[in-house]
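Trainee: Please take a close look at the charged side chains with me. I am new to this model, so go step by step.

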Amino acid sequence: MYRQGDILIVPVADAEVPARLAEEAGEPRDGRGRLVLALGEVTGHAHAVPGPGRLVREGGEFGPQLLHLPQGGRVVHEEHAVIPLPKGWFRVVRQREYVPGAVRVVAD
Amino acid sequence: MTTVPPAPARTAAPGTTAATGPRAVDWRGVVAATGPADRAAAEAGVRLAYRAAGLPEPGRVLWAASPRAAVALLLGGEVTGRSVREQVRTRPWESERARVHAESGPGGYAALWAATGARLWEPARALADRIRAGIVEELGDTPDVRLRLLDAVLGQHDAAWLAALAGRGGALDGLAAVARHAGWWWPYEDIAVICERPAELHRDEAGRLDRGDGPALAFPDGFALHAWRGMPVPAEFLAGLGDLTPEGIRAEENAELRRVMLEFYGYDRYLAESGAEPLHRDGTGVLWRIPLDGDEDVVMVEVVNSTAEPDGTFRTYWLRVPPATRTAREGVAWTFGLAADAYAPLHET
């Protein structure tokens with residue numbers, strides 16, 4: 001698994017990925033042609049994949065989002081070093097914080 | 001904590017431009033826009049929206065300095081005629097949505113929503129909810145106040161569906177113009193009331209209202225909301241944060257406010273001044289505990305950012321984890337929804 005700031009990217013075996021997700025069109029790319037895994041509301045800084053691949057959302061507050069990189073790729077962010085990724089499927093997990101009676105998302 | 005620039009003139013942010021072409025509007029910027037309205041452009045938008053709905057233009061357009069002031073004005077006996085929100089806002093939106101849905105099919109509509117409105121929905125909804133709650137708190141939770149709030153068109157906070165639907169057939173041009181040039185507005189048969197936008201908006205990276213030294217959202221007439229990382233707090237409470245002491249924090253009886261006090265004061269400073277010893281330390285970070293009388297312990301992991309700051313230092317940050325956490329690795333793993341033995345990053349930046 002790979003970590004870039006408040007994002008954890010966990011490999012998922014191809015066999016575990018539901019067949020319907022393999023067919024889905026996936027998330028649109030942003031204005032710069034990137035897949036945005038998480039976006040900072042104020043700075044606009046993003047954990048993003050610039051190259052080929054697909055991001056499929058599964059709903060729910062913390063995702064999971066599933067990222068498919070058939071040729072491998074890299075994750076970039078304005079404040080973090082690049083993370084190279086091998087080819088395959090990944091679950092993208094947003095970091096969270098404990099709050100008594102609730103849980104809140106972390107945004108770095 | 002960042003001040004959002006007053007004009008929505010910056011380059012479109014990621015996620016808003018993909019499908020909207022040369023007439024692209026930075027709808028993410030519209031949600032967060034602050035500063036004086038362009039009154040002429042907003043009034044023209046209001047009149048266009050009435051005409052598009054087949055209604056005569058309102059006889060008068062009144063301005064209010066905040067949504068609270070608008071509701072107060074409407075409760076003050078102004079002769080308004082009936083609300084025309086349904087005709088001006090809801091019907092055009094529904095018919096445009098049906099038209100685009102029919103043209104693009106269910107899958108195409110879902111893709112359009114994902115490319116435009118989906119990521120704006122939650123930030124805009126959260127802001128609107130907080131503004132409504134603030135008005136109810138100040139003007140009273142009465143049926144009259146609630147009914148006037150139901151008559152409002154949310155303008156800039158309707159940006160999610162405007163991003164998806166406006167600029168296509170022209171039916172929503174008036175609504176889009178008001179959203180881009182002013183705040184909330186109230187359409188009635190005889191008059192329209194338009195609000196100024198917030199003068200100040202301070203949010204954190206997750207989009208939550210967040211400011212420790214003043215209002216997180218403030219309108220020009222002083223109507224303001226105070227919040228720390230999204231949690232509403234009283235204005236007087238923030239004013240007292242500058243003089244915090246560990247004793248003062250321990251003496252606070254409201255557990256939520258005590259949490260804010262601890263975060264504002266700094267976990268590191270509090271731990272240093274109270275002579276705390278770490279509970280556990282490993283390759284992922286350090287685990288700390290602050291015992292609190294009459295409340296569950298505050299247990300936190302101290303983590304060092306793997307990427308250096310521009311000045312070469314490594315930023316340390318603190319994340320609260322469940323009180324039963326026993327090791328730093330277990331704590332960090334929990335923040336990603338994993339068990340301690342499952343958390344093993346190969347590469348971190």
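Mentor: Start with the counting: Lys and Arg are positive, Asp and Glu are negative, and His and the chain ends are left out. Each charge is placed at NZ of Lys, CZ of Arg, CG of Asp or CD of Glu. On that basis chain B carries 37 positive and 48 negative side chains. The centres of the two sets lie 6 Å apart.

Keep in mind that this is a predicted model, in which local features need pLDDT of at least 70, side-chain atom pairs count only at pLDDT 80 or more, and totals for chains, interfaces and linings use all residues. Residues are numbered from 1 along each chain as its sequence is written, chains are lettered from A and ligands numbered from 1 in the order written, and side-chain values use heavy atoms, without hydrogens and water.

Now the setting. Chain B has 349 residues, and 49% of them count as buried (under 20% relative accessible area; exposed is over 50%, partly exposed in between; 1.4 Å probe, protein chains only). Its C-alpha trace spans about 70 × 45 × 35 Å along the principal axes. Chain B holds 13 helices and 14 strands (DSSP runs numbered from the N terminus: H or I of at least four residues, E of at least two). Take the contacts in chain B with a separation of 6 or more (heavy atoms within 4.5 Å). Residues 24 or more positions apart account for 59% of them. The accessible surface of chain B is about 15300 Å² (Shrake-Rupley, 1.4 Å probe; for residues, only the protein chains shown count as cover). Carbon and sulfur atoms own 52% of that surface.

Next, the pairs. The model has 28 salt bridges over all chains (a side-chain nitrogen of Lys or Arg within 4 Å of a carboxyl oxygen of Asp or Glu).

Begin in helix α5 of chain B, residues 118-139. Arg132(B) forms a salt bridge there with Asp129(B). Their closest N and O atoms are 2.9 Å apart. The two residues sit three apart in sequence, about one turn of the helix. Both partners keep some surface. Arg132(B) is partly exposed at 27% relative accessible area, and Asp129(B) is partly exposed at 31%. This pair belongs to a network of salt bridges that links Glu122(B), Arg125(B), Asp129(B) and Arg132(B).

Follow the chain onward to Gly140(B). It is found in the loop between α5 and α6 (143-150) of chain B. Gly140(B) is partly exposed, at 22%. Apart from its neighbours within four places in sequence, Gly140(B) is in contact with Ile135(B) and Val145(B).

Now look at Arg211(B). It forms a salt bridge with Asp213(B), with the closest N and O atoms 2.9 Å apart. Here the ends are unlike in burial. Arg211(B) is buried at 14%, while Asp213(B) is exposed at 57%.

A further pair joins Glu296(B) and Arg320(B), their closest N and O atoms being 3.9 Å apart. This salt bridge links distant parts of the chain, 24 residues apart. Glu296(B) lies in the loop between β11 (285-290) and β12 (298-304). Arg320(B) lies in strand β13, residues 316-321. Glu296(B) is partly exposed at 28%, whereas Arg320(B) is buried at 4%.

Last, cross to the partner. Chain A has 108 residues, of which 53% are buried. It contains one helix and 11 strands. Along the sequence two strands come before the helix, and the rest of the strands follow it. Chain A exposes about 4500 Å², with 52% supplied by carbon and sulfur atoms.

The size of an interface is often given as the accessible area lost when the parts come together. Chain A and chain B bury about 3900 Å² between them (area lost on being put together, 1.4 Å probe, summed over both). Of this, 53% is on carbon and sulfur atoms. On the chain A side, Arg3(A), Glu41(A) and Tyr98(A) lose the most area to chain B, together 22% of what that side buries. The contact takes 43 residues from chain A and 45 from chain B.

Charges meet here too. Four salt bridges cross the interface of chain A and chain B. Glu27(A) forms a salt bridge with Arg119(B), the closest N and O atoms being 2.9 Å apart.

How values were computed:
Buried area is the accessible area (1.4 Å probe) that two parts lose on being put together, summed over both.
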